Amino acid sequence: HELVADGLIRSHVGKGSTVNSLQTIQHSLEGSSNTIRAEAQPVPVQPISWQNFYTSQSKRMHNPVLASILDEISNEDRISFALGSPAGEYYPLKELNEICQEIIRPGNWKAFEYASTIGHYPLRQYLANWFNSQGIDTNPQEILITSGSQQGLDLLTKVFLEPGDYVVMEEPSFLGAIGVFKSSGAHILTVPLDEEGLRTDVLEQILSRHRPKFIYTLPTFQNPTGTTMSLERRHQLLKLAYQFHIPIVEDDPYSELYYGEKSLPSLKSFDEHEHVIYLGTFSKMLFPGLRLGWCIAPSQLLEQLSLAKQHVDLHSSTTTQWIMTEFCNRGLLDIHLPLVRNHYKLQRDAMIAALEEYAPEGLSWTIPTGGYYIWCQLPQEMKATALLTKAAEKKVAFVPGNAFYVNSGGRSCIRLCFSRHSTSTIREGIFRLCRAISELINQ
Ligand code: PMP
């Protein structure tokens, strides 16, 4: 009776019921819509609690420091020594503009197509030649183009790590790597650094007790300490990897940025038994905006990494790979590198000079021979987080040391990045920072 009343069906005595035409139904619904609206009880809808739907891996993704460092770029009102980004005024924009005009032209649709996951062949060919000339025996089949080396770290994590696994890394270390390894649920075993790099004696003890999936290391101009692993340690590390049969992941974004003698050969160049997986990137030596890096690995492993990448983004941007290939093939990277090496050397010298001039007693720092970072030990075990607040009042920023530690540690250390500012701004920033430290001591 209700359906008849609502005009949804017609009832015929002795013949049952038939459904009305859509038009008739619509008409009767419109007619009765006022009554429906007046009578319908609103169903209370609770706001959705998204975290109840997350995977346990997703719940382990927590890296607030990395996010806030990335946000720093838009924070113009202070001198930030936090973000490890290149000097913008050195970006070769005129040359890139010319290249883009050639690539973005009618008919050149290929530069905008889907492409193979492993990456644009001419770019892999360029990189293979570049590494061959540095003593690394490789070929395009062993090179996967990634969307920055952060993606390389993520792919390695996807391929190798699951809850309950072990992974070894030096400490302090790159916070982006700590974040992604943690998210896998693997146990992170840490090895301390000294002035010669990763302590291989401690690593040996660890390897005799655990079987990690890989050893992650930054041998050259380490982030955050600026340390470079000595030649002897490099050989010891490889020997241990062979002895215990454990892969090494060598993360090497900074080795082209040397400010004196050329940097030491990579672990990969000494590797005769395919134990080293090498991560590289254009982000630090050129600029990060095109998001292009690479992973060099034995071809069998590279296939697996490609499968993982396929699931993430199919392939890195075709267009940016074309732009970068053209940039490199025109010899522009070779022209760019000496310019920025010279520039960053001046920045580093300016920061060291300012520290020498303004540092209160008890503040100590490293003197890197390349890369972007100076690592400072604060006086009197001062807490870096307390200093961060004080420094913010003086409009200067840095990254507190504990961000580079897996558990605790580094609480009275800070990382300063000198790459983004002019020498006069660096001087002013260090002056403000040292004032903040002194004020905190005297509080
Ligand atoms: N590894 C290290 C050691 C780094 O310092 C960085 C950037 N800070 C990365 C990887 C990620 O670089 P990208 O993804 O821009 O290539």
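How many residues of the shell around the ligand are nonpolar, polar and charged? The shell divides into 4 nonpolar, 9 polar and 1 charged. The close-ups below show this shell and other parts of a predicted model.

**View 1. The ligand is surrounded by 14 residues.**
Five of these residues come nearest to the ligand: Gly148, Gln150, Phe174, Thr281 and Ser283. By class, the shell holds 9 polar residues, 4 nonpolar ones and 1 charged one.

**View 2. Helix 7 crosses helix 8 at roughly 25 degrees.**
Helix 7 spans residues 149-160, and helix 8 spans residues 175-183. Their axes come within 10 Å. Angles under 35 degrees count as roughly parallel, so helix 7 and helix 8 are roughly parallel to each other. Their crossing is right-handed. Helix 7 brings Gln150, Leu153, Asp154 and Thr157 to the contact. Helix 8 brings Gly176, Ala177, Val180 and Phe181. Sorted by class, the residues of this contact are 4 nonpolar, 3 polar and 1 charged. Look again at Gln150: this residue of helix 7 takes part in the contact with helix 8, and Gln150 is also among the residues that come nearest to the ligand.

**View 3. Helix 14 packs against helix 16 at an angle of about 30 degrees.**
Helix 14 covers residues 332-358. Helix 16 covers residues 423-441. The two axes are 9 Å apart. The cut-off for roughly parallel is an angle under 35 degrees, and helix 14 is therefore roughly parallel to helix 16. The crossing of this pair is right-handed. On helix 14, the contact is made by Leu346, Gln347, Ala350, Met351, Ala354, Leu355 and Tyr358. On helix 16, Thr423, Ile426, Arg427, Ile430, Phe431 and Cys434 make the contact. This contact has 10 nonpolar residues, 2 polar and 1 charged.

**View 4. Four strands form an open sheet with antiparallel pairing.**
In what order do the strands lie? The order is 12-13-16-15. Strand 12 (364-365) and strand 15 (399-400) are the edge strands. Each edge strand pairs on one side only.

**View 5. Strand 13 pairs with strand 16 in the antiparallel sense.**
Strand 13 runs over residues 373-377, and strand 16 over residues 413-417. How many bridges does the pairing of strand 13 and strand 16 have? The pairing has 5 bridges. Find Gln377 in this view: Gln377 stands opposite Cys413 in strand 16.

Note on methods
Residues numbered from 1 in each chain as written. Predicted model: local features only at pLDDT ≥ 70, side-chain atom pairs only at ≥ 80, totals over all residues. Near = placed C-beta within 6 Å. Nonpolar A, V, L, I, M, F, W, Y, C, P; charged D, E, K, R; others polar. Axes fitted to C-alpha atoms, helices over the stretch in contact; angles between N-to-C directions. Helix = DSSP H or I, 4+ residues; strand = E, 2+ residues; numbered from the N terminus. Parallel < 35°, antiparallel > 145°, perpendicular 65-115°, else oblique. Left-handed = near helix turned anticlockwise from the far one by under 90°. Contact = placed C-beta atoms within 7 Å. Pairing = 2+ DSSP bridges.
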